[in-house]
Amino acid sequence: GESIAVEAARRNLNRKIADGSSRSMLLGANLFEFGESDDYARRFEDAFNHATLPFHWQTFEPAPGAERWHRIDEMLAWLQPRGIVAKGHPLVWFHEPTFPRWAYRESFEAVRDLTIDRVRRVVNRGRGRIGSWDVINEANDADQANAFGLGRSKLTEMTAAASRIAKDADASAGRIVNVCSPFGEYAAAKVGKWTPLEYLAACAKAEVEFDAIGLQ
């Protein structure tokens, strides 16, 4: 199966190269080590036309209102003249190590409202400069990305809210719902685990609007 997938990808890529459509494809990586060396920047520019920028809440806003835009602005100032498209990652991620302690609240409604306010502020600030956002990350993985123990309906509601607010803040930016372990192999070890397919099916049933699925 893997051999078939690789061969199909090779054929499709060769076709895109032949007809010229490959020039519109985005190929990238995270830019998290930007500034470490000139060699890093040179190699990144040589290889990629797409860059993922870090917006992990704990490190981006370690205290209320103390958003660290300086580093993001430096990255964008380097990317834009080179025509490298930026993506922000992530707007929402209920992973305990990356969710700031100051943002913890007792109720789902309070957590939702605070998180949505963050989405609005960050996307507004990046409007016109960041081409797409991972609006929510790994909501299918209830063990690693569910610090508040939210149920399926609330995670679906959170996905819808984050995507809607991101659209309101910047209608031109793409919205990506990112899932991890796309084959859902972890679900075999524990009955009742939510697989990526089940999560995305729930989003579709709830008519959650987004532009792409991230397969991590």
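Reader: How many aromatic pairs does a search of the whole structure find?
Author: The search turns up 16 aromatic pairs. Phe-44 and Trp-78 make one of them, with 6.5 Å between centres and 70° between the planes. Bear in mind that this is a predicted model, where local features need pLDDT of at least 70, side-chain atom pairs count only at pLDDT 80 or more, and totals for chains, interfaces and linings use all residues. Residues are numbered from 1 along each chain as its sequence is written, and side-chain values use heavy atoms, with hydrogens and water left out.

Reader: What makes Phe-44 and Trp-78 a pair, and why is it called edge-to-face?
Author: Rings of Phe, Tyr and Trp (its six-membered ring) pair if their centres lie within 6.5 Å; planes under 30 degrees apart are stacked, over 60 edge-to-face, and the rest tilted. At 6.5 Å and 70°, Phe-44 and Trp-78 therefore qualify as an edge-to-face pair.

Reader: Which parts does that pair tie together?
Author: Phe-44 lies in helix H2 (residues 38-47) and Trp-78 in helix H4, so the pair ties together parts 34 residues apart in sequence. Helices here are DSSP runs of H or I with at least four residues, strands are E runs of at least two, and both are numbered from the N terminus.

Reader: How do you know whether Phe-44 and Trp-78 are buried or exposed?
Author: Buried means under 20% relative accessible area, exposed over 50%, and partly exposed in between (1.4 Å probe, protein chains only). Phe-44 has 4%, so it's buried, and Trp-78 has 12%, so that one is buried too.

Reader: And what makes Phe-94 and Phe-148 edge-to-face?
Author: Their planes are 85° apart and their centres 5.8 Å apart, so the edge-to-face label fits. This pair links distant parts of the chain, 54 residues apart: Phe-94 sits in the loop between E3 and helix H5 (108-126), Phe-148 in the loop between E4 and helix H6 (152-169). Phe-94 has 2% relative accessibility, so it counts as buried, while Phe-148, at 22%, is partly exposed. Both belong to a cluster linked by ring pairs, along with Trp-57, Phe-99, Trp-102 and Tyr-104.

Reader: How do you know that Arg-101 lies over the face of Tyr-104?
Author: A charge sits over a ring if NZ of Lys or CZ of Arg is within 6 Å of the ring centre and within 35 degrees of the ring normal. Arg-101 lies over the face of Tyr-104 at 4.0 Å from the ring centre, and the charged end of Arg-125 is 4.4 Å from the centre of the Trp-69 ring.

Reader: Why are strand E1 and strand E6 said to stand at the edges?
Author: The open sheet has six strands in the order E1-E2-E3-E4-E5-E6, with parallel pairing. E1 (28-30) and E6 (212-215) each have a single partner strand, so one side of each is left without a neighbour in the sheet. Two strands pair if DSSP finds at least two bridges between them. E4 (residues 132-137) and E5 (residues 174-179) have five, so they clear that bar.

Reader: What is unusual about backbone angles, as a rule?
Author: Most residues other than glycine have a negative phi, and most peptide bonds are trans. Here, a cis peptide bond joins His-89 and Pro-90, with omega of about -20°. Ser-181 isn't a glycine, yet its phi is positive, at about 45°. Glu-207 has a positive phi near 60° and, at 66% relative accessible area, is exposed.
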